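Reader: I should like to work through this structure by question and answer. May we begin once it is shown?

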Protein chains: 2
Amino acid sequence: MRQIQLYDTTLRDGAQGEGISFSVVDKLHITQKLDELGIHFIEGGWPGSNPKDVEFFKKAQSLTLSHSTLVAFGSTRRLKTKAEADANLLALASAGVKVVTIVGKSSELQVTQVLETTLDENLSMIADSIGYLRARGLTVFLDAEHFFDGFKANPSYSLRVVEVAAEAGADAVVLCDTNGGTMPDEITAVINAVRKVSDVPLGIHAHNDGELAVANTLAAVNAGVTQVQGTINGYGERCGNANLCSVIPDLKLKMGINCISDEQLAKLTEVSHYVSEVANLIPDAFSPYVGSSAFSHKGGLHVSALRKWAESYQHIDPTQVGNKPRVLVSELSGKENIIYKAKEMGLDLPPSGKEARKLLEQVKLLESRGFQYENAEASFELLLHRAKPEYQPPFELVDFMLVVEKRRRPPTRKNIEEMLSEAVVKVKVGNEIMHTAAEGNGPVNALDEALRKALLQFYPSLAQVRLVDYKVRILEESVGTGSQVRVLIESSDGVEEWRTVGSSTNIIEASWLALADSLEYWLLKQKTNK
Amino acid sequence: MRQIQLYDTTLRDGAQGEGISFSVVDKLHITQKLDELGIHFIEGGWPGSNPKDVEFFKKAQSLTLSHSTLVAFGSTRRLKTKAEADANLLALASAGVKVVTIVGKSSELQVTQVLETTLDENLSMIADSIGYLRARGLTVFLDAEHFFDGFKANPSYSLRVVEVAAEAGADAVVLCDTNGGTMPDEITAVINAVRKVSDVPLGIHAHNDGELAVANTLAAVNAGVTQVQGTINGYGERCGNANLCSVIPDLKLKMGINCISDEQLAKLTEVSHYVSEVANLIPDAFSPYVGSSAFSHKGGLHVSALRKWAESYQHIDPTQVGNKPRVLVSELSGKENIIYKAKEMGLDLPPSGKEARKLLEQVKLLESRGFQYENAEASFELLLHRAKPEYQPPFELVDFMLVVEKRRRPPTRKNIEEMLSEAVVKVKVGNEIMHTAAEGNGPVNALDEALRKALLQFYPSLAQVRLVDYKVRILEESVGTGSQVRVLIESSDGVEEWRTVGSSTNIIEASWLALADSLEYWLLKQKTNK
């Protein structure tokens, strides 16, 4: 069977996307996820260009990767320097990786107009750099920048670049559609021409400026390339890179190219959402394969057809990519969802469906007010418990007051600069009322501190619970600062993690609700486990 | 030159997209815009399915369209009814349009499993319905549903549908990839097979489930279809329809098919944004051709190349589609970006670069504290102005206090339920101090109200400024509620829009900074324009 190498550049080219910035820790986490997905090569960054990437490669050496090989990126040597004296190449050679990719120019006009050197000097830069890195035992891929545009203007020079790279020992030459404007039939024709002059393994690096990055990548695979570069969710400069979340299932499910295993493919949706969370971009609901709408059905006709024949209105089984079908506005499937979910949580709802129907109504009402339970299963489980008449909450919120103040002349305490955030809370446990106050470095932090302070006296074990993530989403965005706000909180006790949700037009109230759910959920779990 | 008919179904299939709902007025406005863009056919809705669409076609008769023909959509007659007795066909014939499209099944399995009738009855339904509509003087297009999937399972039946439709007088048969999972080479092969049995004009209707809708559409055009169906921004069920905002420029600028005029193409970005505004969806910044990031440049290397040679890093001249290039300022960028950007804003920085270097240091410092300027150009412009020794800000923030309170027994005023948010602000204009207070439905809204209240006395024209978007990003997510918060605000005065940023560990302070920048920027622009 045909083998295709998947090469991910989310951490390097993907980070060129507008609004994307990864910390070193983010990059390490994403690397781990890409390894689970079975990506063959992970381009981690450009150690010659910034200290953050140097640090990444240092720390990445302690990662245990099962499927992936880490790649460092750089450029060919500078103009009129010896490769041995080039700091960028040295950084590549010292990155602690076995595989490197260097970018070189392969378009006549780019060489003369942008690099401002001779065509021969550019060829030497490519050959010298590959030679230097190969001599140090590294596998070397050449990203041939602007290859397709260059070929269209002067095919012989672009072809010469491929030949020179192959002669210098490049392990693959990756043809880049850097400006993203090439059409699929041009991709095919150019690759056919390259095949005639060299049998070096080829790769494809496509951008999405004509909305054709995925199609161009598949056309290149059909024309015989063996390496496919892209990014998770198609993140990247301008309109982005080829989207691996579409390329991978297209290759595997449509073209029968078994690039990752079935189990790995089933992680695709999870990996896509994980990367968008880390990039702090809202996942695109309409994304092929992995979007939350990708298998959703709105039309009543489609829904009734689906019940007759599951494949009637979907092109694949969504579970193959770890996604699931969603029927929008359908009471019946909704009730079944509730029963199914409750069962998952160990709560058996009678199949008669009366309780489930009531819960469904409540979920619908709360979701119409901005709550969302899909990502906040702890809040959903509390909803199930609270519906039981015998449920006794471990505490009750009575009320709170919050003061946030900014004064030109700050108060006496210097460490908080000019800002003061102070929360006063009242909570009830059994028949006792606890009334206390705390400061924080922001209003939500102050509320969190005050609430814990009040509850710790009753539940000292709460000290091990901490917030690990706090997210805010503004709903109905066009209403500006008056819109509905959804807060999602992730908490951990060092062993398990759980997520809760709050919603209100008031961000403070939304946070308060999610905070309280988090602590109530944990206390409830402790009681159940005893 | 080859003629291609553009057929827009934003108002019908596009409205099946999750979260999209158009009012009759919305539809009328969008129709007008599509006419300006030069779309040949506009599918307005399904008069047989709902009263809103009946009303749309009634009102649309008073529109004056210069380029477009309105189309009503429906289905073939019901099972075992006479076409003359079919309410749905009657509604089509009475819609007051000259062109209708009807959808019919063209897949054996869909007929037997979903429609649950015989293959012959389905052929009669198609023939009868076309005959009925043609007899009433209408131009009739047939949407052959599930054509490609049907062809793969049983080619002869799908081909028979095309023949029957052609014999019945259909003016075009539109081959639909209803489930969106077909690959470009399959599209080509199937259309070649259809061409062998019939010379009826063909159309293509593609969905994006494999991220190939645009590529499939172009493949169909290459194979000889003459009608192209799609939606603005690719809106539509699941992953959406073929995106006309990419198909049109791909056809015109890449394939040389002159489907609309140069002047019309230059309206593409405007139409795209207009439709997303009406659909109440945030425009996708990364959209090919029309996205705000489509011609943006972040890397310092690219920016310096752009200054040497404009086409070096862009595939077309953005003005051809009514878009523009943008240089992003960020910690990744160099001094050159700052100089370029300042020039764009009409501020010449000396090329010596001392000022630019100082500004770059400042940007880097602020970005390390959580600010981000690439999406907040108004805040960046203020940074440039504030660096000038002679700059006089239109107002100064002195201080504020904010109280958020939740009481079990709410205060006397019932309309705010249990929550109170009240802001007290002090601002200075010239030598005057304004000290005032306001309530809001959340803390940021209260601050916004109080700040405006204070400033309106000095600057009554500020009344026309309103917030149109408010976004919150939590940075360094693992720190929980103590993390850095970035607030991005988009404002509008009804003519222009601008974006500002604030950052702090305190969400209130971050919002306060972004709010103040928004108002200061607008006041500054007013002064400059005078």
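Reader: In this predicted model, which backbone nitrogen does a side-chain oxygen of Asn243(B) reach at the start of H10(B)?

Author: Helix H10 of chain B spans residues 244-254. At its start, a side-chain oxygen of Asn243(B) comes to within 2.9 Å of a backbone nitrogen, which belongs to Cys245(B).

Reader: How many residues of H10(B) are buried?

Author: Among the buried residues are Leu244(B), Val247(B), Ile248(B) and Leu251(B). The buried residues pack against several elements of chain B, including strand S1, H1 and helix H12. The helix is mostly covered, and of its eleven residues the number buried is nine.

Reader: How are H1(B) and H2(B) oriented to each other?

Author: Helix H1 (residues 24-37) and helix H2 (residues 51-60) of chain B pack with their axes 9 Å apart, at an angle of about 45°. Angles from 35 to 65 degrees fall outside the roughly parallel and roughly perpendicular classes. H1(B) and H2(B) are therefore oblique.

Reader: How many charged residues has the contact of H1(B) with H2(B)?

Author: Residues of H1(B), including Lys27(B) and Leu28(B), meet residues of H2(B), among them Asp53(B) and Phe56(B). By class, the contact has four nonpolar residues and one polar residue, while the charged ones number five.

Reader: Is Glu509(A) buried or exposed?

Author: Glu509(A) lies in helix H18 of chain A, and its side chain forms a polar contact of 2.6 Å with that of Lys406(B). Its relative accessible area is 16%. Because the cut-off is under 20%, Glu509(A) is buried.

Notes: Residues numbered from 1 in each chain as written. Chains lettered and ligands numbered in written order. Predicted model: local features only at pLDDT ≥ 70, side-chain atom pairs only at ≥ 80, totals over all residues. Heavy atoms only, no water. Axes fitted to C-alpha atoms, helices over the stretch in contact; angles between N-to-C directions. Helix = DSSP H or I, 4+ residues; strand = E, 2+ residues; numbered from the N terminus. Parallel < 35°, antiparallel > 145°, perpendicular 65-115°, else oblique. Contact = heavy atoms within 4.5 Å. Nonpolar A, V, L, I, M, F, W, Y, C, P; charged D, E, K, R; others polar. Buried < 20%, exposed > 50% of the residue type's maximum accessible area, 1.4 Å probe, protein only. Polar contact = N/O pair within 3.5 Å; in protein donor to acceptor, adjacent residues only side chain to side chain.
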